[in-house]
Amino acid sequence: MAVEGRDPAFPGLAALGELADRARDGGDEALERLVSAAARVVRRWALVRLAHAADADDVMQEVMIRVIRSIETWPAGESFAPWLYVVTRNAATDRLRRGGRQRDVGGFDALLDQVPAPGGDPSLVFAGRELAGLVGALLRELPPRQREVFDLVELQGMTAKEVAQLIGIRASSVRGSLLKARRNLRRRILATWPDVEEDLP
Amino acid sequence: MTACGVWVKRLVMASPEEFSGMVETKLSRHVRDCPRCAAKARRILSANEALRVAISGPEVDAAGLIERAHHAGADETATGRKRWPTVPKLVWSAMAAASVTAAALIVVPLLRTPVLEPLSPHVRPQPLVDAIDYNLVVMPTRNPDITILWYYKETEQ
Ligand SMILES: [Zn+2]
């Protein structure tokens, strides 16, 4: 089971900065590699912020097209990711202000009978409804800051210090939000299985 | 609350390293020795993994984005209405043409081979994504060249 460490689907902040530097120095291939990596990161940031997949995709496209068109103005090195984050956050905020679509992110249940858990442990099988509930709990029930920090630290494997640098808050605030998010989500997770619910505090 | 209650309190706050055996603490020792708490820890870890997959989203067509950025007009950027560069236009056309009254199964015409292997229960479905008026689930098959996109309307379930 993949338990810890970086989410392999997402580059670290330093790696994003390096890709940005190379892309700015020129070359179609370098630009494509940067866009390929950054677009998924941007979409995920937007999804966690907006709790809506279609809105997140709109924001991703808006941000990435802006990035591609203004290649020469990108900040260098490590400051690229925080810059990209701010651009994404502003685009997402703008989207929220305009109303967005605000539709349900759920709807797995009729489609996925059972989602096998990583590692193939048959005792850890998520029914589609349970997975939908988890996604809903993360994206709908947690306040934006908690879900953002939970995704960045717990799911993407960033440190509190890195997250603080990225989103511009104190590391202690990151840790506080993380603890609240863990408590909220894990109680929900454990409550999903009645056989373990009895021990919940 | 049972004897494990105090450990569960810690479990819901702890770093995954602590109960996945990556670091040695009182909690990690208890989880190792207690089957009930070990089961809870496994569920938390697997739920994390499921969430990670669910919100990751599919690959992005970077070349398509670059091309659009270079050639599209400014008004397209402003409206942001063009969607999902990962999804071939053919699929969207099919969606527009069909008045879908039941869940529709559309095989993405990205395939280099016509052979569609059935989804195995061991194939982990990709995350739900969303589309205008439709929900969309992207599911890989064992064949890496084949992806199934499943569109459906929530109200029709
Ligand atoms: Zn125990």
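Trainee: Which geometry does the site of the zinc ion have, tetrahedral or irregular?
Mentor: Good place to start, and keep in mind that this is a predicted model. The zinc ion has four donor atoms, with angles of 99 to 121° among them. Four donors count as tetrahedral if all angles lie between 85 and 135 degrees. The site is therefore tetrahedral.

Trainee: Which residues coordinate the zinc ion?
Mentor: The donors follow the spacing C-x25-H-x3-C-x2-C along the chain. The histidine gives its NE2 atom and the cysteines give SG, at 2.1 to 2.3 Å. The residues are C4(B), H30(B), C34(B) and C37(B).

Trainee: How many residues apart in sequence are the parts that C4(B) and C37(B) tie together?
Mentor: Both C4(B) and C37(B) are buried. C4(B) lies in the segment before α1 (5-11) of chain B, while C37(B) sits in helix α4 (residues 35-56) of chain B, so the pair ties together parts whose separation in sequence is 33 residues.

Trainee: Turning to chain A, how many helices and strands does it have?
Mentor: Try reading along the sequence of chain A: the pattern is α-α-α-α-β-β-α-α-α-α-α. Counting the two kinds of element gives nine helices and two strands.

Trainee: Are helices α4 and α7 of chain A oblique or roughly parallel to each other?
Mentor: Helix α4 (residues 80-97) of chain A and helix α7 (residues 160-167) of chain A have axes that come within 8 Å and cross at roughly 55°. Angles under 35 degrees count as roughly parallel, and 65 to 115 as roughly perpendicular. That crossing makes α4(A), relative to α7(A), oblique.

Trainee: Which residues of α7(A) meet α4(A)?
Mentor: By class, this contact has five nonpolar, one polar and one charged residues. From α4(A) come A81(A), P82(A), Y85(A) and R89(A). Their partners in α7(A) are Q165(A), L166(A) and I167(A).

Trainee: Is F150(A) buried or exposed?
Mentor: F150(A) is found in helix α6 (residues 144-155) of chain A. Buried means under 20% relative accessible area. Because its relative accessibility is 1%, F150(A) counts as buried.

Trainee: Which residues of chain B does F150(A) touch?
Mentor: Leave aside residues up to four places away in sequence. In chain A, F150(A) touches L138(A), L155(A), L178(A), A181(A), R182(A) and L185(A). On the chain B side, the residues touched are N48(B) and L51(B).

Trainee: How far apart in space are F150(A) and S177(A), C-alpha to C-alpha?
Mentor: In sequence, F150(A) and S177(A) are 27 residues apart. In space, their C-alpha to C-alpha distance is 7.8 Å.

Notes:
Residues numbered from 1 in each chain as written. Chains lettered and ligands numbered in written order. Predicted model: local features only at pLDDT ≥ 70, side-chain atom pairs only at ≥ 80, totals over all residues. Heavy atoms only, no water. Axes fitted to C-alpha atoms, helices over the stretch in contact; angles between N-to-C directions. Helix = DSSP H or I, 4+ residues; strand = E, 2+ residues; numbered from the N terminus. Parallel < 35°, antiparallel > 145°, perpendicular 65-115°, else oblique. Contact = heavy atoms within 4.5 Å. Nonpolar A, V, L, I, M, F, W, Y, C, P; charged D, E, K, R; others polar. Donors = N, O, S within 2.8 Å, 3.2 Å for Na, K, Ca; no water. Tetrahedral: all angles 85-135°; square planar, octahedral: opposite > 155°, others 65-115°. Buried < 20%, exposed > 50% of the residue type's maximum accessible area, 1.4 Å probe, protein only.
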